[in-house]
Amino acid sequence: MEGRKILYSAVQPTNNLTIGNYVGAIKNWVNLQNDYDCYFSIANMHAITVRQVPAELRQRTLSVLALYLACGVDPEKCVLYLQSHVSAHAELCWVLNTFTYVGEMERMTQFKDKSARHAENINMGLMDYPVLMAADILLFQTDLVPVGIDQRQHVEIARDIAQRFNNAYSPTFKVPEALYNKVGAKINDLADPAKKMSKSGENPNGAVFMSDDRDTVIRKFKRAVTDSDAEIIYDPERKPGVSNLLSIYSAFGGKSIEAAQADFAGKGYGEFKLAVGEAVADKLAPVQAEWKRLLADKAYLDGVLKAGAENAARAANRTLAKVYKKIGF
Ligand code: TYM
């Protein structure tokens with residue numbers, strides 16, 4: 001629709017998605033799609049910066065799409081597509097590479113983390129990851145990028161690159177802004193609440209996956225690390241474990257943190273952890289049923305991706321054409 005702000009976000013189809021991906025990203029998209037022109041992609045080009053098994057990557061890509069849909073992301077309201085279907089991503093990335101300094105990329109926290117974890121394969125793509133992400137965002141003249149806090153540095157660099165290009169030529173890219181949740185912009189690991197809950201976390205008990213069954217979800221929450229005093233209050237500094245659980249309960253139960261706290265006034269940690277687990281499991285059950293149903297309908301999923309790719313390519317190619325013209329191609 002003319003005049004509406006543009007929103008862009010994506011998830012990498014690597015490993016299983018966690019409730020952190022849901023709360024930090026996908027859940028918000030469902031609300032935002034009514035008020036913005038939204039583009040949501042599955043970032044399979046980012047995924048190959050870490051070695052993938054091809055058949056698994058293909059399967060997981062469809063699984064992420066089916067999960068978006070099962071969570072309520074609606075292809076009638078937004079453009080849903082696969083990054084590799086739109087060649088403008090790779091093309092703009094190449095141009096933006098010439099506006100990005102090696103030193104900046106070497107300093108990115110995620111690059112440093114991933115290089116440490118994949119020391120055998122520190123490939124150029126891993127280092128270039130933020131530039132491809134900048135291309136994703138800038139191709140669509142994006143106003144807002146709804147992501148979790150862990151993506152802050154990546155959105156910042158996309159802004160820097162946009163400004164650098166605009167200053168070198170003339171205004172070409174919209175300079176985007178990140179959009180974070182008030183609650184749940186960072187869901188932490190249940191076993192180690194100082195760390196982000198991650199798809200690739202070493203401790204499988206610390207992450208709750210979108211595919212976990214009810215018993216597994218409840219077991220993981222029962223084991224969640226809290227602290228030694230028995231107060232259920234939101235205080236991320238002093239009480240990271242309890243505060244993380246309150247955030248999760250608030251996100252899954254659709255309540256404010258204050259209301260979540262009030263629900264547990266005077267109650268013990270055992271009861272609290274069980275209630276958080278139940279709130280999550282209750283919400284996941286219908287999503288999982290719909291996810292399974294959609295995954296069996298490959299023709300439908302392919303149709304969504306095909307239509308999405310056409311729409312995304314149209315918008316992306318408009319920006320790419322401008323860029324090519326400005327740089328003298
Ligand atoms: P990815 O796949 O790591 O994560 C997808 C989204 O989930 C959010 N997230 C979390 N939010 C809260 N708590 C957590 N524990 C948590 N873990 C993950 C992430 O912040 C993200 O919003 N580089 C991106 C994918 C991407 C992208 C883009 C995003 C590619 N191109 C363009 C926005 C715009 C990534 O790896 O996300």
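How much space lies in the largest cavity? About 50 Å³ lies there, in a predicted model where local features need pLDDT of at least 70, side-chain atom pairs count only at pLDDT 80 or more, and totals for chains, interfaces and linings use all residues. Residues are numbered from 1 along each chain as its sequence is written, and side-chain values use heavy atoms, with hydrogens and water left out.

A cavity here is a set of points, on a 1 Å grid over the protein atoms alone, where a 1.4 Å probe fits but cannot get out; lining residues have an atom within 4 Å of a point. Grid points are joined across faces, edges and corners, and a volume is the space filled by probe spheres set on the points. The count comes to 1 cavity of 30 Å³ or more. The largest cavity is lined by M108, Q110, F111, K114, L126, Y129, P130 and H154.

Turning to the ligand, 27 residues surround it, each with a heavy atom within 4 Å. The closest are Y129, D136, D150, I187 and K199. Three polar contacts (pairs of N or O atoms within 3.5 Å) can be described. An oxygen atom of the ligand lies 2.6 Å from an N or O atom in the Y129 side chain, and Y129 also lines the largest cavity. For K199, a polar side-chain atom is 2.6 Å from a ligand oxygen atom, while for Q12 the distance from such an atom to a ligand oxygen atom is 2.9 Å. Taken alone, the ligand exposes 720 Å², of which the protein buries 97% (Shrake-Rupley method, 1.4 Å probe).

Definitions and conventions:
A polar contact is a pair of N or O atoms within 3.5 Å; within protein, one must be able to donate a hydrogen and the other to accept it, and residues adjacent in sequence count only if both atoms are side-chain atoms. On a 1 Å grid over the protein atoms alone, a cavity is a set of points where a 1.4 Å probe fits but cannot get out, and a pocket is an open set with protein on both sides within 12 Å along at least five of seven lines; lining residues have an atom within 4 Å of a point.
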